[in-house]
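Please open the model in a viewer and keep the sequence panel beside it. The tour below proceeds by selection, one stop at a time.

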Amino acid sequence: MASHDYDEKRSFIRMQVKTSLRFSVQGSNTTQHQGVSHDLSATGLLMGSDFSPEEGDKITVTIATDNERFEPFTAQGSVIRVEPNDSENQRYLISVEFDTDE
């Protein structure tokens, strides 16, 4: 296994990415919820939102780019954790694990 020189010993580095996003819960109506990403990796995302999905919910996340040459980033995943967040404007911190094609 490769050696990592950073403090966090994860398979994929988390990047601090603070940008607005939209997400919807699959199987519910087409309501789009607003959120803000906190960090992003190849396997998941930590985001904040005023809406709290349930752990285990399947969601679709869309992050728009500011460059018209690039399509928005869209990913499906599962909510693995929801925690209260009193330190920022978003009421909840939501951890999402992206679905993988295996």
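The stops run from the whole chain to its core, its strand pairings and its aromatic pairs.

**Whole chain**

Begin with the entire chain, coloured by confidence, since this is a predicted model. The average pLDDT is 85, and 81% of the residues score at least 70. Next select residues 1-6, where the pLDDT is below 50. Beyond near neighbours in sequence, this stretch has three contacts in the model. Where pLDDT is low, the predicted coordinates should not be read in detail.

Now switch to a cartoon view. The chain holds zero helices and seven strands, so that, read from the N terminus, the order of elements is β-β-β-β-β-β-β. Of the 102 residues, 34% are buried. A surface view would show about 7,200 Å² exposed, of which carbon and sulfur atoms supply 46%. Among contacts between residues at least 6 apart in sequence, 47% join residues at least 24 apart.

**The nonpolar core**

Which residues have the most contacts inside the largest nonpolar core? Select Leu45, Met47 and Ile59 to see them; the core itself has 15 residues. Then highlight the elements that give two or more residues to this core: strands E2 (20-25), E4 (44-49), E5 (58-63), E6 (73-84) and E7 (92-98).

Centre the view on Met47 and display its surroundings. Leaving aside neighbours within four places in sequence, Met47 is in contact with Leu21, Phe23, Val36, Ser37, His38, Ile59, Tyr92, Leu93, Ile94 and Val96.

**Strand E5 and its partners**

Select E5 next. Five of its six residues are buried, so E5 is largely enclosed by the rest of the structure. Add E2 to the selection: E2 and E5 pair in the antiparallel sense over four bridges. To locate this pairing, pick Phe23, whose bridge partner in E5 is Val61.

Then replace E2 with E6. E5 and E6 also run antiparallel, joined by six bridges. Here the residues to pick are Thr60 and Gln76 in E6, which stand opposite each other. When following side chains along these strands, recall that in a regular strand they alternate between the two faces of the sheet.

**The aromatic pairs**

How many aromatic pairs does the structure hold? There are two. For one of them, select Phe23 and Phe51, which form a tilted pair at 6.1 Å centre to centre, with 45° between the planes. This pair links distant parts of the chain: Phe23 lies in strand E2 and Phe51 in the loop between E4 and E5, 28 residues apart. Is each ring buried or exposed? Phe23 counts as buried because its relative accessibility is 0%. Phe51, at 32% relative accessibility, counts as partly exposed, because that value falls between the cut-offs of 20% for buried and 50% for exposed.

For the other pair, select Phe73 and Phe98. Their arrangement is edge-to-face, with 5.9 Å centre to centre and 65° between the planes. Phe73 belongs to strand E6 and Phe98 to strand E7; at 25 residues apart, they too link distant parts of the chain. Phe73 is partly exposed, with a relative accessible area of 36%, whereas Phe98 counts as buried at 10% relative accessibility.

**Last view**

To finish, return to Phe23 and show Met47, Val61 and Phe51 together with it. Phe23 is in contact with Met47, is the bridge partner of Val61 and forms an aromatic pair with Phe51.

Methods
Residues numbered from 1 in each chain as written. Predicted model: local features only at pLDDT ≥ 70, side-chain atom pairs only at ≥ 80, totals over all residues. Heavy atoms only, no water. pLDDT = per-residue confidence, 0-100. Contact = heavy atoms within 4.5 Å. Core = buried A, V, L, I, M, F, W, Y, C linked by side-chain atoms within 4.5 Å. Buried < 20%, exposed > 50% of the residue type's maximum accessible area, 1.4 Å probe, protein only. Pairing = 2+ DSSP bridges. Phe/Tyr/Trp six-rings, centres within 6.5 Å; stacked < 30°, edge-to-face > 60°. Areas by Shrake-Rupley, 256 points an atom, 1.4 Å probe, with all protein chains shown as cover.
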